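I opened a fresh page for this one and went from the whole chain down to single residues. Here is the model I was looking at.

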Amino acid sequence: MIMTASKRKNKEIGSNFFDVERSAQPNKLAGQDLIFYLSGRMALRQIIRDIKRDKTIKRASLPSYCCESMIEPFLKENIEVIFYDVFLKSGKIVCNGDGINNADMILTLNYFGIDTSCTRKFEQEIRAAHPDSVIIKDATHSLLSDDVYDDTYDYVFASIRKWSGLSGGVILKSSPDIEPLTRLNMDYEKTVHEAMSAKKEYIRDGKGSKERFLSLYNKAEEMLDSDPAGYGISKNAKEQFRYFDLDRVAGSRKSNCQILADNQDIWRMKGIEPVCADLSEGDIPLFFPVIFRSKDHRDKVRKYLIDNEVYCPVHWPVSPAHRLTGKTIEIYDRCLSVICDQRYSTADMLRIMGLIDSYKGEDI
């Protein structure tokens, strides 16, 4: 059940999840041959290692718009990383595969679970142009909307914690002999559980402190970042994923996203362009992305929202591992991911729109 604003003692929107939506029946992914790891980056590294067993891999091509955690596994496996261009064009996110040259491996992904049919067309073009390259699909943003078993991809993986309070990464498609990891990091899983419980108590009952659950979430992230060993996940975590209510989550996200999209005139009056003015049939949004006039404009509106307890993330920080041009860095500077997930109600989405409508920043 959605925890509506009236049932929350603290009215903040966004930041870490604190619950896992459960259904009475296993979800549509539960019957597939899934391999779980503690994080998406661990899943990706296992994929790379599996490919290297049978094929010489020297160079990988990644989208220029990506998280550092996607670049890191390739570098740790001593693979050269080049980037193909992802950039903004008329308020849309556009991929151009012309820069993929002599890549043994190509990583693709959809952005925010929207325009998935356009992404699929791009990936099919990549497959046709590079038939001998191994194509890895990062399905994190499109986990609920993609046909992840499409023959376009050799491997498919996703980080599942972006959709709910579930920890871990999962490989959805791979070679038959890819290596699962049985070693567990129960300290990490325990810390995440404690953080979720502390946040739920704070949001639902107004008890405890924000500093408490933030400290626990940060501790869990540090544990993940500092330990290079690969881990699987516990039976309990796998069971949570098996009964994760994908249908309700998908419906709630589409409904919330549509409310934000229906108010596009308000966004545009403030100089902000929605990336997805219209959702396609198969789209299940991870966020509602919007584009600002400039980085300064984006940062001022984001701070205004934070001051009003709405926490919208930026995807992603630019790292030393990125190699960006003026055209490709623009998307990092001007994009904001607006919250639209299943924790929130119509009233919460209208609250966000009311805040945008009331914004009186100097850029307007």
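**Entry 1: overall picture.** I note at the outset that this is a predicted model. I started with burial and found that 56% of the 364 residues count as buried. I then counted secondary structure: the protein has 11 helices and 13 strands. Its radius of gyration is 20 Å, close to the 21 Å from the globule rule for 364 residues, so the protein is as compact as a globular protein of that length. I also took the extents of the C-alpha trace, which spans about 55 × 45 × 35 Å along the principal axes.

**Entry 2: surface and contacts.** The accessible surface came out at about 16000 Å², and carbon and sulfur atoms hold 47% of that. For contacts I looked at residue pairs at least 6 apart in sequence; 73% of these join residues at least 24 apart.

**Entry 3: the sheet.** Next I traced an open sheet of eight strands, and I wrote down its order as 2-9-8-7-6-3-4-5, with mixed pairing. Which strands stand at the edges? They are strand 2 (35-37) and strand 5 (92-96); each has a single partner strand, so one side of each is left without a neighbour in the sheet. From one strand to the next, the twist averages 25°. As a reminder to myself, strands of a sheet pair through backbone hydrogen bonds, in a parallel or an antiparallel way.

**Entry 4: strands 4 and 5.** I zoomed in on one end of that order. Strand 4 (residues 80-89) pairs with strand 5 in the antiparallel sense, over five bridges. I looked up one residue there: Asp85 has Asn96 in strand 5 as its bridge partner. The loop between strand 4 and strand 5 holds Ser90. Phi of Ser90 is near 55°, which is positive even though the residue is not glycine. Is Ser90 buried or exposed? I found it exposed, with a relative accessible area of 74%.

**Entry 5: other backbone oddities.** Asp115 also caught my eye, with a positive phi of about 50° in a residue that is not a glycine. Asp115 sits in the loop between strand 6 (105-109) and helix 3 (116-129). At 24% relative accessibility, Asp115 counts as partly exposed. I then checked omega and found a cis peptide bond joining His315 and Trp316, with omega about -5°. Trp316 lies in the loop between strand 12 (310-311) and helix 10 (326-334).

**Entry 6: the core.** The largest nonpolar core has 120 residues, and the members that touch the most others are Tyr65, Phe74, Met105, Ile136 and Trp267. That brings to mind a general tendency: in soluble globular proteins, nonpolar side chains tend to be buried together. I picked Trp267 and listed its contacts beyond four places in sequence; among them are Leu260, Pro274, Phe288, Val338, Ile352 and Met353.

**Entry 7: Met353.** I followed that last contact. Met353 is placed in helix 11 (residues 346-358). At a relative accessible area of 3%, Met353 is buried. Which residues does Met353 contact, leaving aside neighbours within four places in sequence? My list reads Leu260, Asn263, Ile266 and Trp267. I also checked the C-alpha atoms of Met353 and Leu260: they are separated by 7.1 Å, although the two residues are 93 apart along the chain. Leu260 appears in the contact list of Trp267 too.

Terms used. Residues numbered from 1 in each chain as written. Predicted model: local features only at pLDDT ≥ 70, side-chain atom pairs only at ≥ 80, totals over all residues. Heavy atoms only, no water. Pairing = 2+ DSSP bridges. Helix = DSSP H or I, 4+ residues; strand = E, 2+ residues; numbered from the N terminus. Axes fitted to C-alpha atoms, helices over the stretch in contact; angles between N-to-C directions. Rg over C-alpha atoms; globule rule 2.2 N^0.38 Å. Buried < 20%, exposed > 50% of the residue type's maximum accessible area, 1.4 Å probe, protein only. Contact = heavy atoms within 4.5 Å. Areas by Shrake-Rupley, 256 points an atom, 1.4 Å probe, with all protein chains shown as cover. Core = buried A, V, L, I, M, F, W, Y, C linked by side-chain atoms within 4.5 Å.
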